[in-house]
Amino acid sequence: MSANSADQGRLVDVVLVKSGRTKIRYAAELLTDDGTRIAVRAPWSGDGVRDFGFVRFEPGDVFTEYYWRDRWYAVKEVRDAAGALKGWYCDITRPATLSGAELVVEDLDLDLWRSADGTDVRRLDEDEFTESGLAEADPEAAAAAVAALDELEAYALVAGGLESLLA
């Protein structure tokens, strides 16, 4: 299903599910839906500032988020309030589903960060992924998640790589 021009700009609820429970829900503007990839834009929805040490997400930041119905990840372009690119935060997820006004993604713990200048590419939360027990409970999903992280890291390590996914 692709979004027609009447659908563009409508609000959808992005629902991030983890371990069977809603981790976060927030409103986002639907930018595009070509039937495979969905793009939305939303302001930082966290409470206050979240400082990871390598990047800070804070009020005024804007996330342009890309989800796929056939890929095991989401890529989020992060810009500050003035529009300067901070970088890309990538979540490893099961393929997204958009039903009515809900865009649902299941977080599989693994993440990747790439700074705007490309000098900082880091895999995140591999310990949480191991502790989640997914490898034992659903080995195929665990293998798909690890492959997705490897794929994103390969894109992130090449100049323009992540951007090519979003064009």
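Okay, let's start with valine 55, which sits in the loop between strand S4 (50-51) and strand S5 (56-57). Quick note on terms: strands here are DSSP runs of E with at least two residues, numbered from the N terminus. Also, this is a predicted model, where local features need pLDDT of at least 70, side-chain atom pairs count only at pLDDT 80 or more, and totals for chains, interfaces and linings use all residues. Residues are numbered from 1 along each chain as its sequence is written, and side-chain values use heavy atoms, with hydrogens and water left out.

Back to the loop. Valine 55 counts as buried because its relative accessibility is 8%, and buried means under 20% relative accessible area with a 1.4 Å probe, protein chains only. Leaving aside residues up to four places away in sequence, valine 55 touches Arg50, Lys86 and Trp113; contact means heavy atoms within 4.5 Å. Its C-alpha atom is 9.8 Å from that of tyrosine 89, and those two are 34 residues apart along the chain.

Tyrosine 89 turns up again in the largest pocket. That pocket has a volume of about 580 Å³. Of its 29 lining residues, the closest to the centre are Leu16, Lys23, Trp44, Arg50 and Tyr89. For the method people: on a 1 Å grid over the protein atoms alone, a pocket is an open set of points with protein on both sides within 12 Å along at least five of seven lines, and lining residues have an atom within 4 Å of a point. The volume is the space filled by probe spheres set on the points, with points joined across faces, edges and corners.

What is the lining made of? We get 15 nonpolar, two polar and 12 charged residues. Charged is Asp, Glu, Lys and Arg; nonpolar is Ala, Val, Leu, Ile, Met, Phe, Trp, Tyr, Cys and Pro; the others, Gly among them, are polar. S10 gives the most, with four residues.

Last stop, strand S7 (residues 73-79). Six of its seven residues are buried, so S7 is largely enclosed by the rest of the structure. Strand S6 (residues 62-68) runs antiparallel to S7, joined by six bridges; pairing needs at least two DSSP bridges. One of the partnerships is valine 62 with arginine 79, and a four-residue hairpin connection links S6 to S7. With strand S8 (residues 85-93), S7 is antiparallel too, through seven bridges, and alanine 74 has aspartate 91 as its partner. That S7–S8 hairpin has five residues between the strands, and glycine 83 in the turn has a positive phi of about 95°.

Note on methods. Buried means under 20% relative accessible area, exposed over 50%, partly exposed in between (1.4 Å probe, protein chains only). On a 1 Å grid over the protein atoms alone, a cavity is a set of points where a 1.4 Å probe fits but cannot get out, and a pocket is an open set with protein on both sides within 12 Å along at least five of seven lines; lining residues have an atom within 4 Å of a point.
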